Amino acid sequence: MTFSLIARCAQTGQFGIVISSSSPAVAARCAHTRAGVGAVASQNITDPALGPLLLGELAKAKAADQALSEVIQNRQHIDYRQLLVIDATGKTAVHSGTQVLGTWAAAQGIDCAAGGNLLANPRVPQAMISAFQSTQGHLGDRLIAALTAGLAAGGEAGPVHSAGMKISDKLDWPLVDLRIDWSDTPIQDLEIAWAIYRPQMAAYVQRAQDPTQAPSYGVPGDE
């Protein structure tokens with residue numbers, strides 16, 4: 001029901017994830033990042049609790065494969081879960097249980113990993129990896145390129161209806177947290193939302209750190 005990519009930006013240290021699904025509000029359940037720690041996708045008959053658990057293990061300076069091994073060991077229903085993990089050094093680890101739905105696949109690249117279930121074909125994750133690695137610019141631009149490539153490669157076997165992107169930078173809260181929770185064109189809508197949000201992104205950080213220096217964007221009453 002899902003395809004996603006997690007990544008680290010080697011230049012900035014940011015962590016991010018993009019994800020899309022036929023189910024509503026996929027990013028609300030499946031996308032997890034933490035500044036300076038890593039990113040996790042917890043998908044396929046999702047247990048959202050696995051995201052914070054894995055980030056907690058990564059925060060102990062454990063490598064992605066070690067954190068994943070410890071969290072899934074003897075865990076009930078783990079055969080129903082698909083997990084993607086990236087650590088502070090950019091190393092990745094993937095778990096796809098024996099009960100993952102439909103056609104499923106995963107791929108790993110430099111500073112990134114992708115995976116999906118109920119896919120149109122098993123080539124989707126590698127298409128996402130290739131697009132991410134060949135795209136230049138902000139991590140958000142690279143993540144959008146990866147998600148778009150996943151859709152172009154076939155995406156999910158059925159139509160997708162939700163999508164999301166989350167990026168953590170240096171603060172406790174996400175630099176970017178954009179969600180399309182129900183749409184006939186969620187990935188295209190997410191790209192539009194990113195194009196609107198990106199020019200204002202730094203200003204929202206500034207508003208948190210020092211509102212006396214934050215710019216206005218012409219919203220009525222905000223002058």
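Two strands are said to pair when DSSP finds at least two bridges between them, and that is the sense in which strands and bridge partners are spoken of here. The model is a predicted one, and its confidence is given by a chain average pLDDT of 96, with 97% of the residues scoring at least 70. Among the elements of the chain, β5 has the highest mean pLDDT, at 99, while α7 has the lowest, at 92.

A good place to begin is strand β5, which covers residues 82-86 and is joined to β6 by five bridges, the two strands running antiparallel. Within this pair, Leu83 has His95 of β6 as its bridge partner, and Gln82 stands opposite Ser96, again in β6. The two strands form a hairpin with five residues between them, and in this hairpin Gly90 takes a positive phi near 95°.

From this pair the view can be widened to the sheet that contains it. Strands of a sheet pair through backbone hydrogen bonds, in either a parallel or an antiparallel manner. Here four strands form an open sheet in the order β3-β4-β5-β6, with antiparallel pairing. The edges are β3, residues 31-34, and β6, residues 92-96, each of which pairs on one side only, and from one strand to the next the twist averages 10°.

Two helices can be placed in relation to these strands. Helix α2, made of residues 50-58, lies across β3, β4 (38-43) and β5, and runs at about 150° to β4. Helix α3, residues 64-72, packs on the sheet as well, where it touches β5 and β6, and its direction makes about 30° with that of β6.

Further along the chain comes helix α6, whose 12 residues, 186-197, reach 16 Å from the first C-alpha to the last, close to the 16 Å expected at 1.5 Å a residue. Which residues of α6 are buried? They are Pro186, Ile187, Leu190, Trp194 and Tyr197. Seen down the axis of α6, these buried residues fall within an arc of 95°, so they line one face of the helix. On the other side of α6, by contrast, Ile192, Ala195 and Ile196 are exposed.

What do the buried residues of α6 pack against? Their partners include the strands β1 (2-8), β2 (15-21), β9 (162-168) and β10 (176-180), together with the helices α5 (139-152) and α7 (201-209). Of these partners, α7 is the element already noted for the lowest mean pLDDT of the chain, 92.

Terms used. Residues numbered from 1 in each chain as written. Predicted model: local features only at pLDDT ≥ 70, side-chain atom pairs only at ≥ 80, totals over all residues. Heavy atoms only, no water. Expected span 1.5 Å × (residues − 1). Buried < 20%, exposed > 50% of the residue type's maximum accessible area, 1.4 Å probe, protein only. Arc of directions from axis to C-beta. Contact = heavy atoms within 4.5 Å. Axes fitted to C-alpha atoms, helices over the stretch in contact; angles between N-to-C directions. pLDDT = per-residue confidence, 0-100.
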